[in-house]
2 protein chains.
Amino acid sequence: MITIIMSYEKIDMSKASEMLREYVAKNGMRNSSQREIILSAFLSAGKHITVDELFDSIKEKNPEIGYATVHRNLRLMCNSGIADEIKIGKGKTRFEPKLDHKHHDHLVCLKCGQLTEVNDEKIEILQDKLAQANGFIPMRHKLEIYGLCKKCR
Amino acid sequence: MITIIMSYEKIDMSKASEMLREYVAKNGMRNSSQREIILSAFLSAGKHITVDELFDSIKEKNPEIGYATVHRNLRLMCNSGIADEIKIGKGKTRFEPKLDHKHHDHLVCLKCGQLTEVNDEKIEILQDKLAQANGFIPMRHKLEIYGLCKKCR
DNA sequence: TTTAGTGCAAAGGCTTTGCAGATGT
DNA sequence: ACATCTGCAAAGCCTTTGCACTAAA
């Protein structure tokens with residue numbers, strides 16, 4: 001079955017917040033008000049966001065938060081399993097929420113740059129087989145299909 | 001059918017050279033001895049190579065060739081269809097010969113970083129279907145499977 | 001000759017880090 | 001109090017560019 005995911009499901013903020021606290025506690029780290037602001041801004045961004053974009057969106061209400069802090073916390077979120085880092089083509093590194101957000105692949109429009117999330121179980125299964133046929137233990141994967149989107153075709 | 005490509009087929013140097021000359025001629029560009037040296041070094045490198053690695057390998061015999069020239073010519077080769085740029089994970093940009101080298105996907109070992117090239121027709125077909133089901137015209141794609149290779153499992 | 005290519009060094013763009021001061025615990 | 005986190009600025013790292021010079025055509 002092919003599933004097309006056009007936009008994010010609502011992210012469970014309290015669960016994400018809890019996961020982050022847990023990770024922070026386990027690793028002898030501390031909480032901070034900035035971290036919560038960044039987490040909240042990231043989860044409500046609702047798209048594949050760059051560090052700059054997130055920084056800018058936070059700057060509006062919290063101009064005291066620095067770029068490095070945003071960057072460091074984004075990395076922390078990746079480590080704690082809340083966020084995923086995606087690098088597509090020559091574009092900047094982007095981040096997306098991982099929690100309550102199933103694995104998916106990306107359709108990338110070469111004209112307008114639109115990112116659409118898609119998923120196909122059959123492909124997932126074949127990918128695992130392909131890896132195993134080469135004595136490889138697959139753990140995760142990344143599929144990007146480049147072309148022209150509905151609007152640009 | 002699953003095809004596992006462990007290493008490069010022999011690259012046809014004269015054909016690549018010809019293609020490059022053609023591209024150069026069409027675009028009102030000129031030839032240069034450096035370009036031929038870089039092309040030759042690139043084609044005989046026989047692996048996914050970074051600009052630095054290529055630069056270093058050329059430096060041995062031709063220390064007068066600059067980094068920028070290697071970089072510029074690598075880009076030129078991409079534009080002329082001889083090379084492909086690949087960006088995997090957080091690693092540096094790598095380049096690989098495209099000519100006489102079929103489309104393939106990559107298995108990336110998370111432990112040792114080994115890159116293995118693989119291909120599966122069925123996946124290719126499903127990918128096109130997946131894209132089309134979303135009104136998308138697929139043109140090319142990139143699949144990377146991360147995990148543990150034979151040696152590291 | 002004319003103009004693209006080269007080599008050097010410097011500038012860009014993004015990511016990461018050092019450090020002094022602020023802040024959780 | 002003590003170690004982490006923050007904010008700033010500076011450093012890194014890789015890629016790209018400006019410019020005077022070299023060399024194809």
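## Exercises on a two-chain model

Chain B can be laid on chain A by a turn of 179 degrees and a shift of 0.1 Å along the axis, with an RMSD of 0.1 Å. The model is predicted.

**Exercise 1.** Work out what relation the turn and shift describe.

*Solution.*
- Start with the operation: a turn of 179 degrees and a shift of 0.1 Å along the axis.
- That is the relation of a two-fold axis.
- Next, check the surfaces. Both copies use the same one: 100% of the contact residues of chain B recur in chain A.
- Then find the axis. In chain B, B:Leu143 comes closest to it, with its C-alpha at 2.2 Å.

**Exercise 2.** Describe the interface of chain B and chain A.

*Solution.*
- Count residues: 40 of chain B are in contact with 40 of chain A.
- Take the area: about 4,000 Å² is buried, and carbon and sulfur atoms give 68% of it.
- Name the residues of chain B that lose the most area: B:Leu130, B:Asn134 and B:Phe136, together 18% of what that side buries.
- Count salt bridges: there are 2 between the chains. One of them joins B:Lys142 and A:Glu144, with the closest N and O atoms 3.8 Å apart.
- Find the main supplier: strand 7 of chain B gives 12 residues, the largest share of its side.

**Exercise 3.** Trace the open sheet of chain B.

*Solution.*
- Order the 3 strands: 2-4-3, with antiparallel pairing.
- Mark the edges: strand 2 (49–50) and strand 3 (83–86) each pair on one side only.
- Look at one pairing: B:Thr50 has B:Arg94 in strand 4 as its bridge partner.
- Add helix 2 (residues 33–45) of chain B. This helix packs on the sheet and touches strand 2, strand 3 and strand 4.

Methods: Residues are numbered from 1 along each chain as its sequence is written. Chains are lettered from A and ligands numbered from 1 in the order in which they are written. This is a predicted model: local features need pLDDT of at least 70, side-chain atom pairs count only at pLDDT 80 or more; totals for chains, interfaces and linings use all residues. Side-chain values use heavy atoms; hydrogens and water are left out. Copies are superposed by least squares on the C-alpha atoms of residues with pLDDT of at least 70 in both. Contact means heavy atoms within 4.5 Å. Two strands pair if DSSP finds at least two bridges between them. Helices (H or I, at least four residues) and strands (E, at least two) are DSSP runs, numbered from the N terminus. Axes are lines fitted to C-alpha atoms, for helices over the stretch in contact, and angles run from 0 to 180 degrees between N-to-C directions. Buried area is the accessible area (1.4 Å probe) that two parts lose on being put together, summed over both. A salt bridge is a side-chain nitrogen of Lys or Arg within 4 Å of a carboxyl oxygen of Asp or Glu.
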